[in-house]
Amino acid sequence: MKWQMIETEERERRERQRIERAERAKMRDQGWLIDVTSTSRRRLSSVRQNAHTNTDDGEDIISSLPDSLLCHILSFLPIRDSVATSILSSRWRPLWTLVPILHLDQKQLIEPYPDERNKKFKFVDIVLRIWTLRNAISNPTPPLHKLFIHWYHYCLPFYVDTLVRAANLRDLQELDLHLCNYHPHQPLELPRSLYFSTTLVVLKLGADIRLNPPSACVFPCLRILLLKCVTFANRDSLPTILNACPVLLDLSLHVVDKYLNNLDEFNVIVLVATLKRLHLHWNVHPSSKYIFQINTPALEYIHFRGYLNRDDVLEKLPDVVECVIQIEDCEKSDDYAKRVWDFMGKLYNVISMELSIITALILFQGSNHEDIPTFHNLSSLKFCGDLWYEWYAWHVVWLLLCWAPGLQTLVIEHSSWLGYLNKRNPFLEEPLDVPECMLSHLTTCVYKGFGGYENEMELVRQILKAAKVLKIMKITVSSYPILENKPHFRKELSKFYRGSQNCQFVFDEGHFI
Amino acid sequence: MKFCAVKQYFDDENNNNITSGASTTMIPLPNVESHPLAILITYCKKHLKIKANNADNKKETEKEMEQYEQELLKKVMPQELTELILAANYLNFKEALDFFCRAVASAIQNKSIEFVRKFFGLESDFELGEEEKLREEFAWSFEGVDED
């Protein structure tokens, strides 16, 4: 009797499995709709479509995972969704509190952002509620490794101060605070104990925060430091912090002169032997008395944006392989162009470079003197910005190519749209010397932001003619304004004479941001 | 580093000097079913292949990988995801583990509690009064949730 029952059960189970497999196959064949409402969720929402097969038999698919893996899943959810899982069942109640990350972003938690005055739950209410629940549900309070608070509107720095003090510094590895204060004269001062943290690896501070590090300050584990538009207590504040970081790898500094008004003197001295990446946004006008001095021999990547003062110092950077340079123009200075060339000369070994068009124009102005460096290792060069800002900008790009004899890839990313494009550019008609890289090394050329104008067609024609070893010429259409009659342009462009036998022409009509 | 648990096994083998001249070694993986293992191996191979093809261009690698991942998810059932997560965790294959966990997270993001319960196949074990109380406490987290 028992044997028969077992047999029947077996048969039924096999039958069920067969049906399930058949259903699955059918679902696959029908193809899936893709949720187009958000690009980031688009690719993963197909999992939700598959969910319909589960809703019929209500099979528990998740409880076999241990708590640690459930927490790992929760760590990928925005805090609001993560907290909401507390209601799923009693097992799930404390799980969100065990995720050692608190990511509190006002933009994420308040919708529609930024108007929260009429909302029932304001950002401060939500933050306090989350914090209190986290401490109440799990006892003892689970460790917190990462604290992220971005509070842009109606910020109350006192609350942030309370939370940072309450976060146990023994466990904190990442701290990211961006605050925009309601009262602009009362920035948040960080608690003193933070400056002696032995566990902090990432520290990012922005806007209304005032740094006043004690001279004995030390960050033995800090690898990434970001200071964006913060205020400093005195001129030694920044050097004190930088000297306190023996293993610093990545530094981002965004300095704006109006936030330095309290200081007579402010020298940004970056003397960090371990630094590999530097991002300096120096929004300090050359006429001011503030200067920077950079001596980072191990640097591999530099992104510089801003003005160059006469006394700014940049030591040689032999290991820099990648750079992004966006130098702002300063008309009042006579030898500004030479200063910019000196700066560029320190990056002599660079392999990949991105230049703003304005930087290129400044370099062109100073290109008559003797000591122009040649970038022998430069293999990829990208020009970003408004190519038709000045009439002779394309001429400039062409000339700058002469200082990169081994260049293999040239990218021009044209961003804005100006009426100049409609008029024929007289500079394009001048015969120009062909840069050496065009004859021997240039294999890839990409033009992004094609709008169908005559000047652009002429530019492409000239490159195609001059580049003797070109393998790919790719043109990406600009997304705004929308280019009409794309097949016509594709045909016209592909007809141009190609100086290289093996040149492939690609016309990308896709969306370009 | 992919499949760290397996690499560990190889390292141990070499240390013990087991030389039998055999070109294939049998590695016991008692906690991994064959089906998820096959998917993980394909994922790993594809990842390495894409990386090799686009050695210089990080963006291209990411783009291609994303396309492949999207295709992969269309074929995978939610039940299989759990097995894949367990397998990737056992094998110490961080990229795959993160990817499948993110997939599950994305499936329940911005969804109502009822939907999530259905999706996971969970049943509430709260008493009626308790659940009401919790819903009140967490009311702010339900604002703006998707309709199913």
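User: Buried means under 20% relative accessible area, exposed over 50%, and partly exposed in between (1.4 Å probe, protein chains only). Along strand E7 (residues 224-228) of chain A, which side chains point to one face and are buried?

Analyst: This is a predicted model, in which local features need pLDDT of at least 70 and side-chain atom pairs count only at pLDDT 80 or more, while totals for chains, interfaces and linings use all residues; side-chain values use heavy atoms, with hydrogens and water left out. Residues are numbered from 1 along each chain as its sequence is written, and chains are lettered from A and ligands numbered from 1 in the order in which they are written. In a regular strand the side chains alternate between the two faces of the sheet. In strand E7 of chain A, Ile224(A), Leu226(A) and Lys228(A) point to one face and are not buried, whereas the buried side chains on the other face are Leu225(A) and Leu227(A).

User: Which residue of E9(A) stands opposite Leu227(A)?

Analyst: Helices (H or I, at least four residues) and strands (E, at least two) are DSSP runs numbered from the N terminus, and two strands pair if DSSP finds at least two bridges between them. Strand E7(A) pairs with strand E5 (residues 202-207) of chain A in the parallel sense over five bridges, with Val202(A) opposite Ile224(A). Five bridges also join E7(A) to strand E9 (residues 250-256) of chain A, again in parallel. In E9(A), the residue opposite Leu227(A) is Leu253(A).

User: Why is one side of strand E10 (267-270) and of strand E14 (313-314) of chain A left without a neighbour in the sheet?

Analyst: Three strands of chain A form an open, parallel sheet in the order E10-E12-E14. Within it, four bridges join E10(A) to strand E12 (residues 291-294), and Asn267(A) stands opposite Ile291(A). One side of E10 and of E14 lacks a neighbour because these strands stand at the edges, each with a single partner strand.

User: Which are the edge strands that pair on one side only in the sheet of strands E4, E6 and E8 of chain A?

Analyst: This open sheet of chain A has the order E4-E6-E8 with parallel pairing. Strand E6 (residues 209-211) and E8(A) pair over two bridges, and Leu211(A) has Phe232(A) as its bridge partner in E8(A). The edge strands are E4 (188-189) and E8 (231-232).

User: How many residues of helix H11 (residues 336-345) of chain A are buried?

Analyst: The buried residues include Tyr336(A), Arg339(A), Trp341(A) and Phe343(A). Helix H11 is mostly covered, and of its ten residues the number buried is seven.

User: How many helices does the secondary structure of chain B come to?

Analyst: Chain B follows the pattern α-α-α-α-α-α-α along its sequence, and 41% of its 148 residues count as buried. Contact means heavy atoms within 4.5 Å; of the contacts in chain B with a separation of 6 or more, 61% join residues 24 or more positions apart. Chain B has zero strands, and its helices number seven.

User: About how much area do chain A and chain B bury between them?

Analyst: In this interface, 47 residues of chain A are in contact with 55 residues of chain B. Buried area is the accessible area (1.4 Å probe) that two parts lose on being put together, summed over both. Carbon and sulfur atoms carry 67% of the total, which is about 5,200 Å².

User: How many salt bridges are there between chain A and chain B?

Analyst: A salt bridge is a side-chain nitrogen of Lys or Arg within 4 Å of a carboxyl oxygen of Asp or Glu. The count between chain A and chain B is zero.

User: Which residue's side chain makes a polar contact with the side chain of Asp98(B)?

Analyst: A polar contact is a pair of N or O atoms within 3.5 Å; within protein, one must be able to donate a hydrogen and the other to accept it, and residues adjacent in sequence count only if both atoms are side-chain atoms. Between the chains there are six residue pairs in polar contact, both at pLDDT 80 or more. Asp98(B), in helix H5 (residues 94-108) of chain B, is buried with a relative accessible area of 12%. At 2.7 Å, its side-chain partner is His72(A).

User: Which residue of chain B is in contact with Ile130(A)?

Analyst: Ile130(A) lies in helix H8 of chain A and is buried, with a relative accessible area of 0%. Leaving aside neighbours within four places in sequence, its contacts include Ile79(A), Trp96(A) and, from chain B, Trp140(B).
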